[in-house]
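Let's take a walk through a protein model together. Keep the picture open while you read, and try to find each spot as it comes up.

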Amino acid sequence: MKTIQKYLLALLIVAMPMMWAGCSDDDTNTPNPGPNPGPADGPIVIENEGNIVIPMEGGEHVLKFSATSAWEAVPDQSWCRINPRSGEKGQNQLTISVPANNSYNERNSMVILRLKNRSFEKKFTVTQKQKGALTLTSNKVEVGSAAEEITVEVKTNEEVTFEIAADAKNWIKEAATRAMETKTYKFRIEENASFDKRQGKITFKAASGLTETFTVYQSGAKEEVILSQSQFTLDHKAQDFTVEVRSNVEHRMIMPTDANWLTKKESRSYSSSTYVFHVEANTKQEIRTAEIKFEYTAKGKTETEVLTVLQKYEGGMSQNLIIVHNNKKFTTPTLFGEQLVAKILWGDSANFEDYKAGATHTYSDNSKHTVTIEAEGAESFNMNDIEGLEELNVTAF
């Protein structure tokens, strides 16, 4: 028994130094943490984390981050260039370089930043804006002097505004349009009553600053005299008839000297553009015609508008074919009908002559002449001479 007690005491004396060594003030019971585990919120931490936007012109973006072990960066588009593409643990930075985007579409590249052992990754997107586009399908239009509406088509990938030049705002007006939906703009061009041509500019501007200019060229009003009706076919009775004259130039009316049965009525109740004429009853047994001329000067040249008056006679033929031409020589049309009877009045000083197919007549000049064919029993006709033809009236045929 005493021997066992001596043995235990010897063991206790040997173990005590070792126990004191294990309880040193310089150590704790915390296990060894091993290598630096990195930040508590993840193996990769990116400063100012978020998607990256590069302008259309291109540029660079520096990305700063920390990683707990070796890493690599992988973009899914070749235009998104990264340098360096890989590195070691610790604080790092890489540069994202993007060239200019010459397309008209925005483009995007997804970048994966991950540990090389692929135990952890982060994704972000590099976005590059598109090239601004502003194109007009046509950059000009030519219009006549009359008022009309024009359409301008704009191809763009941006919002667009337009401005009409200050010196054209009084005659180029915006018409009803839904521009931002259809990219179609409508403008009303007011009538140009002056003889001078004019031009106006419309400037289209995109949000990016791109501009396109559309030019409207409008011709000046034509110097002319326009008759509301250039021919009157009247029955044999005495009567009045009226013609309206639209003119933007000085003109003079010339009554025929060989038609005393036709006169102009004078009245203060009529405007300067309204002419009223009177014809006496036709008591002769033949059709009669007369020409009233309206002369004016256009671009230094004398022009003439002719008003032709044809009056039938009582009991005359019911069919009338009237042809206005400017030929020196004219051939009559061919009339068809089993019981055909017809006469020709050539429209100059020549008297009526009996109709025959292919009949020709020679005039003293190339001015306008009105040929009248009076017929009964005509069923149809065929024009043999259409050169120089200005008017064909078949209303009484």
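Which strand gives the largest share of the lining of the largest pocket? That would be strand 24, which contributes five residues. Before going further, bear in mind that this is a predicted model.

**The largest pocket**

The pocket holds about 740 Å³ of space. Its lining is made up of 27 residues, and D258, T289, A290, D348 and S349 are the ones nearest the centre. Strand 24 covers residues 288-298, and strand 32 covers 369-376; each of them supplies at least two residues of that lining. Sorted by class, the lining splits into nine nonpolar, nine polar and nine charged residues.

**The whole protein**

Now zoom out. The protein has two helices and 34 strands. Of its 397 residues, 34% are buried. If you take the contacts with a separation of 6 or more, 65% of them join residues 24 or more positions apart. The accessible surface adds up to about 24,100 Å², and carbon and sulfur atoms account for 48% of that.

**The cavity**

How do you look for empty space in a model? Rolling a probe the size of a water molecule over the atoms shows where empty space is left. In this structure there is one cavity of 30 Å³ or more. The largest cavity has a volume of about 30 Å³, and its lining consists of I46, N48, E49, G50, L63 and F124. By class, that lining has three nonpolar residues, two polar ones and one charged one.

**Some unusual backbone spots**

Most residues other than glycine have a negative phi, and most peptide bonds are trans. With that in mind, take another look at N48, which we just met in the cavity lining. N48 has a positive phi of about 50 degrees, even though it isn't a glycine. You'll find N48 in the loop between strand 1 (44-46) and strand 2 (52-54). Is N48 buried or exposed? N48 counts as exposed, because its relative accessibility is 75%.

R118 is another non-glycine residue with a positive phi, this time about 60 degrees. R118 also sits in a loop, between strand 8 (107-115) and strand 9 (121-128). With 58% relative accessibility, R118 counts as exposed.

Then there's the peptide bond running from N83 to P84: it is cis, with omega near -5 degrees. P84 belongs to the loop between strand 5 (81-83) and strand 6 (86-87).

**Three residues and their surroundings**

Let's zoom in on three residues that sit in strands. Here are the polar contacts to look for:

| Side chain of | Partner | Distance |
|---|---|---|
| E353 | side chain of W346 | 2.9 Å |
| T370 | side chain of T308 | 3.1 Å |
| N92 | backbone oxygen of G90 | 2.8 Å |

Start with T370, which is part of strand 32. Why does T370 count as buried? The cut-off for buried is under 20% relative accessible area, and T370 counts as buried because its relative accessibility is 5%. Setting aside neighbours within four places in sequence, T370 is in contact with Q231, E291, T308, I322, I323, V324, L345, W346 and G347. So T308, the partner in the table, is on that list too.

Next comes E353, in strand 30 (residues 353-354). E353 is partly exposed, with a relative accessible area of 31%. Which residues does E353 contact, leaving aside neighbours within four places in sequence? They are K343, I344, W346 and A359. K343 is ten residues away from E353 along the chain, and the C-alpha atoms of the two are separated by 5.6 Å. W346 is worth a second look, since it is in contact with E353 and also with T370.

Last up is N92, which is found in strand 7 (residues 90-98). N92 is buried, with a relative accessible area of 18%. Not counting residues up to four places away in sequence, N92 touches L63, K64, F65 and W71. You may recognise L63 from earlier, as one of the residues lining the largest cavity.

Notes. Residues are numbered from 1 along each chain as its sequence is written. This is a predicted model: local features need pLDDT of at least 70, side-chain atom pairs count only at pLDDT 80 or more; totals for chains, interfaces and linings use all residues. Side-chain values use heavy atoms; hydrogens and water are left out. Helices (H or I, at least four residues) and strands (E, at least two) are DSSP runs, numbered from the N terminus. Buried means under 20% relative accessible area, exposed over 50%, partly exposed in between (1.4 Å probe, protein chains only). Contact means heavy atoms within 4.5 Å. A polar contact is a pair of N or O atoms within 3.5 Å; within protein, one must be able to donate a hydrogen and the other to accept it, and residues adjacent in sequence count only if both atoms are side-chain atoms. On a 1 Å grid over the protein atoms alone, a cavity is a set of points where a 1.4 Å probe fits but cannot get out, and a pocket is an open set with protein on both sides within 12 Å along at least five of seven lines; lining residues have an atom within 4 Å of a point. Grid points are joined across faces, edges and corners, and a volume is the space filled by probe spheres set on the points. Ala, Val, Leu, Ile, Met, Phe, Trp, Tyr, Cys and Pro count as nonpolar, Asp, Glu, Lys and Arg as charged, and the others, Gly among them, as polar. Accessible areas come from the Shrake-Rupley method with a 1.4 Å probe; for residues, only the protein chains shown count as cover.
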